[in-house]
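Colleague: Got a minute to go through this model with me? I'd like to start with the overall picture and then get picky.

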Amino acid sequence: AIEEILPELIDSSLRREIAFHRREEDRRRDLIEEMDAEMKLLRGECAKRLKIIENYNIGAANYLGKCSNRLRLLLNGAKRMLRFNDWWYTKIPPFLSMGYMMAILGGIDIYSSIILIGGVLFSILCVAAYGHVINDIFDIEEDRRSGSSNAMAGRSVQFRWVASIGLLSAGFVPAILIGLSLPWMGLLMVNYLLPTLYSVPPIRVKERGLWGILFDAGGSHITPTLLLMLAFLAKSLEGYTNSSLVLIAMIVWSFVLGFKGIVYHQMADWDRDEISGNRTWVRSLSRERLRKLLPWYNFAIELPINLCLVGLFLPKSPVLASGLAVYLLVELLKNWRGFQFALTSKLGDTRRSGPFANDLYYDCWFPFSLALQLAIMDLHWVWLPLFHILFFMPNFRVLVADTRSIILHSLKRG
């Protein structure tokens, strides 16, 4: 009986075992199918979210690109309106030179020096922009006759008033923030008054011969130097007790540079002023007479005053003396090699190159030497020479190109 039943029991047990494993296999298959379905849903959801993020990034990039383009256009428009390139690379380096000299001369700490130079610089930037805006406002008709561009042409009267008053008001903000004195603010008002009288009828001293030269030199170089001096003297009068001669030399230096700057500017505008009927001091002289007078001005006035200033400042800055010596050697080499300096953009309107024929000393050598002296005196200033180069890179590109031309010319001749 056991032999008959045993096969049946084994067969039944095997069937049950097989059935169990089949059920488990079916359950695992169903579980895997459910997991696959969930994974597909999850992948689909992730793909949707990634698409949303991608679209968002594209939209954000497009928006930022549009904002960047608008900001660039706005800044370029502001630069054209304020004629930024007309004064930043030519007027500001000499101004900063005076600030560096005051910091070296008085031994003012770096924090106070940066605050004073930065505050006065902001005010001078407002004055410079104001001077060009107000000049363009009252030169619209003359520029139209001569075919010159004018940033205020086509602007509404309201815009012109807002631009002028805005720049006038902004210049006094540093005086309030850093606590500059009432005499300082009075001197700043004089600095605003000079370009106003220079441009606005009926006084309009730009057409009154030598007075126009004096007013421009006063507004562009002398008054900014006095503003820097007054700010530093108010900070530490004791530091400048034995520096009277240096301070006087700095003021005379500013006038000499300002006089030369406006003469060169009026020479560059000679043809346009002739077409528009603008009567400037330079036009009262002949071109030939100017060509003869300018070298005398360079050698008889500019060279002595620079030698005097550097000599008086020698105990404080031997680097400045080295910079002047290198500059003079380079320019004398150019004179010996027959280099020509372009007086205007007109073809053939040149004179023989020489010391101070160009403005490379004022735009590059002079301020950079003082920045380097500050870095040597105090390691807290070690960043200044590099930053100065970065802010005035076009000036130093001209210097490098000029030096390269001298080397190549010397090699060819040698």
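Modeller: Sure, one term up front: buried means under 20% relative accessible area, exposed over 50%, and partly exposed in between, with a 1.4 Å probe and protein chains only. It's a predicted model, where local features need pLDDT of at least 70, side-chain atom pairs count only at pLDDT 80 or more, and totals for chains, interfaces and linings use all residues. Residues are numbered from 1 along each chain as its sequence is written, and side-chain values use heavy atoms, with hydrogens and water left out.

Colleague: OK, how many helices and strands does the protein have?

Modeller: There are 15 helices and two strands. Those are DSSP runs numbered from the N terminus: helices are H or I with at least four residues, strands are E with at least two.

Colleague: And is the protein spread out or compact?

Modeller: Spread out: its radius of gyration is 36 Å, well over the 22 Å that the globule rule gives for 414 residues. That radius is taken over C-alpha atoms, and the rule is 2.2 Å times the number of residues to the power 0.38. The C-alpha box along the principal axes is roughly 145 × 55 × 55 Å.

Colleague: What share of the residues is buried?

Modeller: Of the 414 residues, 42% count as buried.

Colleague: Switching to backbone oddities. Which residues does a cis peptide bond join?

Modeller: Proline 201 and proline 202, with omega at about 5 degrees. Proline 202 sits in the loop between α7 (182-199) and α8 (210-235).

Colleague: Where is arginine 204?

Modeller: Also in the loop between α7 and α8. Arginine 204 has a positive phi of about 40 degrees, though it isn't a glycine. Most residues other than glycine have a negative phi, and most peptide bonds are trans. Arginine 204 is buried, at 7% relative accessible area.

Colleague: What about phenylalanine 356, buried or exposed?

Modeller: Buried, with a relative accessible area of 0%. Phenylalanine 356 has a positive phi too, about 70 degrees, and lies in the loop between β2 (350-352) and α13.

Colleague: How many residues of α13 are buried?

Modeller: 13 of its 18, so α13 is mostly covered, given the under 20% cut-off.

Colleague: Last one, cysteines: how many disulfides?

Modeller: Zero, counting a disulfide as a pair of cysteine sulfur atoms within 2.5 Å. Cysteine 126 is buried at 6% relative accessible area, while cysteine 308 is partly exposed at 37%.
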